[in-house]
Amino acid sequence: MYLLNSLSALKPKLKPYFLCNSNFNCNYYPITTTKSSITQMATKVDESNVGIFCFISNLPGFRGILKQRYSDFIVNEVDKEGNVAHLTSLDAPQEEIGEETVTTTEDTANTKSYASEIESFRSLAGDSDAKHLEDFINQINSGVEDGISPIVLSPDSDKSHRTAMHNFFKQNFKFLVTDVVDGPDASSKCIRVRLNTGGQRNKGRHSKKRKERGDKPFDSRGSENWSENNGKFLRFHLYKENKDTQEALGVIGKMLGIQPRSFGFAGTKDKRAVTTQRVTAFKQHASRLAALNERLIGIKVGDFCYVKEGLLLGQLMGNRFTITLRGVVADSDDTVKASADALGRLGFINYFGLQRFGSGSVPTHLIGAALFRGEWKAAVSMILDPREGERTVIAKAREYYKESNDIEGTLKQLPRHLVAERAILQCLKKCPGNYLQALKAVPRTLRMMYIHSYQSYLWNHAASLRVQKYGTDQVVLGDLVYCKGDNTENVSGGMPECEDDSYNDADDSNHLDEISGTDLPEERNNLVKVVTAEDIHTGNYTIDDVVLPMPGSRVIYPSNDIANVFHDLAKKDAISLLESVHSVKEFSLTSITGSYRRVFQKPLDFEWELLSYTDGNIPLVETDLEKIAKSKPVKKAREEDLANGNDKNNLVDCTKQSEILENNMKTETDDNEVEGEQEDVLPRVESQEPQMALKLSFTLPASCYATMAIRELLKTSTSVAYHKTLN
């Protein structure tokens, strides 16, 4: 086991958390000593601030630059079937709008009459309810979007029979959901059946906020000229450079004149990268989106087809990464080779990476802590107040509000992509002083990001202590593991990672934090248990089975010393994991379900190779866009037009465009103008002597951070600020 050298520098400032054991040197576990110390941490987040300390191997690290170019970090989404999403075509397919045939529609045989299921239901519920259900399904199949009211079945006083009815719907009509309403008399109940507008059962889909929107999970203003043979959703591959998913879809949505909630996607992707992912849009023609390619900068759409259902968060297996570390310097090539081999063999500690905690000077977990304490005004201030290192236009807007308290004037200055800030200010404009309501105005998945960030903060610290105290080789007494076999003693359900009772709020899904996936695990149905002496004796479990909880109301904790870190660290932040100081459920750990996460992760389909190069400005790996450019030449536009943001009616050569974008670090603004984003700039690299690069290709499950795998190789920080200094 290998610890950061900087950890020893913290010793005089930190309270000793545990004593040394027989295998390792004495270490100090870095926890804050007072509540006020959290506020003092409001600077650029560093790994040590969020519990990232340890490594699996004791091999020496080496120098390597992460993301010197954005094309050095390529991410391609992997769907549930294991297919890797690539951009292979920018052209719209041939389609006959409003006619009987659409060549790009996915298998239309998916439409079912459900006749056999209705007959089975008839034997369970009787003729009357079967006819009622048949009419309901026919209404849904007619394509009517509005006015589909729930149906209420006949009164039923037999609870066991009602349970059988519920189960029947779960098994045979997954597009429907059922609940119970009062019957005509006190002794009876009625089952109510309604359309599951989100495509899967989620308690949060029928919240008060959603009902006020008409219970629609997406913007339903799609094209009026729509073929009945088309699937109602256009699925396409979104390719983007140096933009987050929300920003890219915001630009596309504005050009199309539709709201962001028209789009669905399985997970957000890194901003400082070149990424390709699947996206769906409600009732949009491929030709409209394909036409945007001529005006989009750093964004491309393609590989169009029509499908029956929109994408939801979590509908992915993971991501395929192609990462190039430049400027590699080591004692010898053997050092690099040994480290790469060890990464593939041993894996890495499955920390939540720095992206989880935000890129600003106010880490998101501090905002989460304020929410757990019920400090609504403080949380609002942390979101709105000036921060270090932001672009001038944002910094001026924040300063203006802090000095003037002029909401209207601030909103005019504040860029539209600052979704949380704008939502809060707009609410405060209507309800001055109502800070809780202002926080609830933030899109749900974005405000839940603050909550999950604090859970991740606790988890990272617990993972570090687990490695520091018990090593990385074997399971120990009291560990938590995913169950094997039929042993169910001291068992808890394996909930999805970072999911609470109402987390999957589909139409707010455009506002997740910048992560390489979404927070859903590969083992959704697994159970978790505490390791016993018998388990250790039989050798049923290995280190790869060890998990730690994301705090919540339905998790169990290890029965060894690791449990203490969750409670002690939260206590230092004036937070209880077992009790809530307020009644707002979504900001309470006692109301959030909680989940589990593997402590150690191995990269899948791992490959690596050493490369030699002389010009640091030339890409070492082809992007999807560059591959298209090779196979299909396109018109060229003047480079100076692109640099000035004058992109109208011009299509820049794909390869050249990618290079220009990266070197100039441009980004779209609300008015489709191009403006420098200085906080992301890495210096242009002058031509130099031959250098070495390490190219890595691997797949990780959703919610795992590729940067943490790179950290295991380099044994240094993965922060952007640090890697800028290497240039």
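This is a short walk through a predicted model, from its overall make-up to its cores and then to one pair of helices.

Let's start with the whole protein. The secondary structure comes to 22 helices and 23 strands. Of the 727 residues in the protein, 56% are buried. If you count the contacts with a separation of 6 or more, 80% of them join residues 24 or more positions apart. Keep that last figure in mind, as a long-range pair turns up again further on.

Now for the interior. The largest nonpolar core has 108 residues, and L325, I424, L439 and F698 are the ones with the most contacts inside it. The biggest contribution to this core is from helix α15, which spans residues 444–470 and supplies 13 residues. Apart from this core lies another, of 25 residues, including F236, V279, I299 and L313.

F698 makes a good place to zoom in. Setting aside its neighbours within four places in sequence, F698 is in contact with N319, R320, F321 and I323 as well as P603, L604, D605 and F606, and also with A706 and A709.

The last of these partners, A709, takes us to helix α21. How accessible is A709? Its relative accessibility is 0%; the cut-off for buried is under 20%, so A709 counts as buried. Beyond residues up to four places away in sequence, A709 touches L343, F348 and F698. The pairing with L343 is the long-range one promised above: A709 and L343 are 366 residues apart in sequence, yet their C-alpha atoms are 7.4 Å apart in space.

That pair also belongs to a helix packing worth a look in your viewer. Helix α8 covers residues 333–346 and helix α21 covers residues 706–714; their axes come within 9 Å and cross at roughly 140°. Why are the two helices described as oblique rather than roughly antiparallel? Roughly antiparallel requires an angle over 145 degrees, so α8 and α21 are oblique to each other. The crossing in which α8 passes α21 is right-handed.

Which residues meet where these helices touch? From α8 there are S339, A340 and L343, and from α21 there are A709, E712 and L713. The residues of this contact divide into 4 nonpolar, 1 polar and 1 charged. A709 thus ties the views together: this residue of α21 touches L343 and F698, and F698 is among the residues with the most contacts inside the largest nonpolar core.

Methods: Residues are numbered from 1 along each chain as its sequence is written. This is a predicted model: local features need pLDDT of at least 70, side-chain atom pairs count only at pLDDT 80 or more; totals for chains, interfaces and linings use all residues. Side-chain values use heavy atoms; hydrogens and water are left out. A nonpolar core is a set of buried Ala, Val, Leu, Ile, Met, Phe, Trp, Tyr and Cys residues joined through side-chain atoms within 4.5 Å. Buried means under 20% relative accessible area, exposed over 50%, partly exposed in between (1.4 Å probe, protein chains only). Helices (H or I, at least four residues) and strands (E, at least two) are DSSP runs, numbered from the N terminus. Contact means heavy atoms within 4.5 Å. Axes are lines fitted to C-alpha atoms, for helices over the stretch in contact, and angles run from 0 to 180 degrees between N-to-C directions. Angles under 35 degrees count as roughly parallel, over 145 as roughly antiparallel, 65 to 115 as roughly perpendicular and the rest as oblique. A crossing is left-handed if the near helix is turned anticlockwise from the far one by less than a right angle, and right-handed if clockwise. Ala, Val, Leu, Ile, Met, Phe, Trp, Tyr, Cys and Pro count as nonpolar, Asp, Glu, Lys and Arg as charged, and the others, Gly among them, as polar.
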